[in-house]
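Trainee: Could you take me closely through the metal site of this model, and then through the parts of the chain around it? I would like one connected account rather than a list.

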Amino acid sequence: MRLHEPFIRWTGALLLLCPYIGAFQYPSKLDVSGSLVVEQLLKLATFSDVPNPAVTRIVFTPNDMKARAYVKDLMQLAGLTLREDAVGNIFGLLAGDGSAEGLVQTGSHTDAIPLAGAYDGTLGVIGGIAALRALSAAGFRPRRGIEVIMFTSEEPTRFSLSCLGSRAMAGVLSAETLARRLDENGTDFLTAATAAGYGRGSTQAMLDAARVKPGSVSSFVELHIEQGPELEANGTSLGIVTAIAAPAALRVRFSGDGGHAGAQLMPRRNDAGLAAAELALAVEAAALGTGAPDTVATAGRVDLAPNTVNSVPPQAAVEIDLRDVDESRRDAVLAQILAAAEEIAARRRVRLQTEVANRDAPATCAAEVVAAATAAAEQLGASHARLVSRAYHDALFMAQIAPTGMIFIPCRGGWSHRPDEFASPAHVELGVKALALTLARLAGAAGNPGKAEL
Ligand code: GLV
Ligand code: MN
Ligand code: MN
């Protein structure tokens, strides 16, 4: 018994000190108000091309510029140091003590697809600012600087390519690819960015300027609504993401000879619209055919021309989005859809053009970020589960330059990309606190380097 006494005394002393050490390293008394963050999200939602609750906010439009100004105001009010890069990514920095290399970054996007809601992406920006403000208000001084980012154009709405800001930062976007993506008015990204006060002399110069220097980011973690039903259905408060599914996009164009809807008899027709309809069904069959729930494929856009009731459609353009956490399985489905398009075109005697518009690799989240987020969830006493992100995020590209992870909160019904998108203030608050604690762990505490490391 006597042998154990020193050990017991030590353990007792440590236990007594624990709340103090815990508070010093990773402040748990974080001042975060879920309802204030939601109020800010709803204010941001008012910068919209359509009446709320729906939100439409397309990159570099007047409402996007108003949203940018609001985000910059919030960053400044939180005491962060502002900067913007050549593609319009906006950064707010909580400075570190300079004793460790690389920034810990967080963030997401504020652009919104047509008729979206108030939470997709915006939570990671407004919530990221709230997390940094809370850390600094708690007296936490990080070793590494912590930076919140509002990424430019995560949504592909205007330039038909997702995650433009994070692709540019990661240096995986070529000038040729970007310059070819024109909006519906024929404007290229450089022209739109320049009009918004960003850009450089050429697309290449702009991308070179936005690319981050190797080693300058030590880790990245993004807070987001789940956009799926798992957390809510299981009554789990936080999702710790382990992988991000790999998206690909395919464009198919069928061309027939058209003709008068009354006078062109059925045997003579080569209706491009019907080829598109068949292809949409083939897309569904290909995804279901893998038998894996992680394979999803969507013919989300079908444009008929001239789109008139008394014309046999001579033109049909189909845009297909497909994703999987398993890249080779996703590519096999892509090949199957391309084969189906050829078979349909031959059988229906329509001409065919296809373009694989985008094909990204999936990302695996870094063990150290997953561990930091898990420790943060546990510190908060929050139920948590590991899950896969089936949507893409800027984190997919940040994972190419730094150890990366994501934290999800539940959203009502698992719905997203809809005006009724909703997350409760309580979950918003928990998510922001979990983000703050995760960032603190990844950044380390100034003056306490050894103890602040996980
Ligand atoms: C992003 O919004 C996506 O489509 O996953
Ligand atoms: Mn989205
Ligand atoms: Mn998003």
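Mentor: In this predicted model, the manganese ion (ligand 2) and the manganese ion (ligand 3) are 3.7 Å apart, and Asp-120 coordinates both. Taking the manganese ion (ligand 2) to begin with, its donors are Asp-120 (OD), Glu-155 (OE) and His-417 (NE2), at 2.0 to 2.2 Å, and along the chain these donor residues follow the spacing D-x34-E-x261-H. Glu-155 lies in the loop between β6 (146-151) and α5 (164-170), while His-417 lies in the loop between β15 (404-409) and α14, so the pair ties together parts that are 262 residues apart in sequence. The surroundings of these two donors can be stated separately: Glu-155 is buried, with a relative accessible area of 4%, whereas His-417 is partly exposed, with a relative accessible area of 36%.

The manganese ion (ligand 3) is coordinated by His-109 (NE2), Asp-120 (OD) and His-224 (NE2), at 2.0 to 2.3 Å, and the sequence spacing of its donors is H-x10-D-x103-H. His-109 belongs to strand β4 (residues 103-109), and Asp-120 sits in the loop between β5 (112-116) and α4 (122-137), eleven residues apart. Both His-109 and Asp-120 are buried.

From His-109 one can move along to Thr-110, which is found in the loop between β4 and β5. Thr-110 is buried, with a relative accessible area of 0%, and, leaving aside its neighbours within four places in sequence, it is in contact with Leu-44, Arg-57, Asp-64, Val-71, Thr-122, Val-125 and Met-150.

One of those contacts, Leu-44, leads to helix α2, where it is among the buried residues, together with Gly-34, Val-37, Val-38, Gln-40, Leu-41 and Ala-45. Seen down the axis of α2, the buried residues fall within an arc of 160°, so they line one face of the helix. These residues pack against β1 (55-57), α3 (62-77), α4 and α14 (425-443). As for its length, α2 (residues 34-45) has twelve residues and reaches 16 Å from its first C-alpha to its last, close to the 16 Å expected at 1.5 Å a residue.

It remains to place the site within the chain as a whole, for which the domain assignment gives domain 1 (5-245 + 362-443) and domain 2 (247-359). The C-alpha centres of domain 1 and domain 2 lie 35 Å apart, and the contact takes twelve residues from domain 1 and eleven residues from domain 2. The area buried between domain 1 and domain 2 is about 960 Å², with carbon and sulfur atoms giving 49% of this area. Of the area that domain 1 buries against domain 2, Ala-245, Pro-362 and Arg-390 supply 46%, more than any other three residues.

Two of these residues, Ala-245 and Pro-362, are also touched by Leu-396, whose other contacts, not counting residues up to four places away in sequence, are Ile-244, Pro-247, Asp-360, Ala-361 and Ala-363. Leu-396 itself is found in helix α13 (residues 395-398) and counts as buried, at 2% relative accessibility. Leu-396 and Ala-363 are 33 residues apart in sequence, yet their C-alpha atoms are 5.7 Å apart in space.

Methods
Residues are numbered from 1 along each chain as its sequence is written. Chains are lettered from A and ligands numbered from 1 in the order in which they are written. This is a predicted model: local features need pLDDT of at least 70, side-chain atom pairs count only at pLDDT 80 or more; totals for chains, interfaces and linings use all residues. Side-chain values use heavy atoms; hydrogens and water are left out. Donors are N, O and S atoms within 2.8 Å of the metal (3.2 Å for Na, K and Ca); water is not among the atoms, so sites may look incomplete. Helices (H or I, at least four residues) and strands (E, at least two) are DSSP runs, numbered from the N terminus. Buried means under 20% relative accessible area, exposed over 50%, partly exposed in between (1.4 Å probe, protein chains only). The expected span of a helix is 1.5 Å times one less than its number of residues. The arc is that of the directions from the helix axis to the C-beta atoms. Contact means heavy atoms within 4.5 Å. Domain bounds come from an automatic or database domain assignment. Buried area is the accessible area (1.4 Å probe) that two parts lose on being put together, summed over both.
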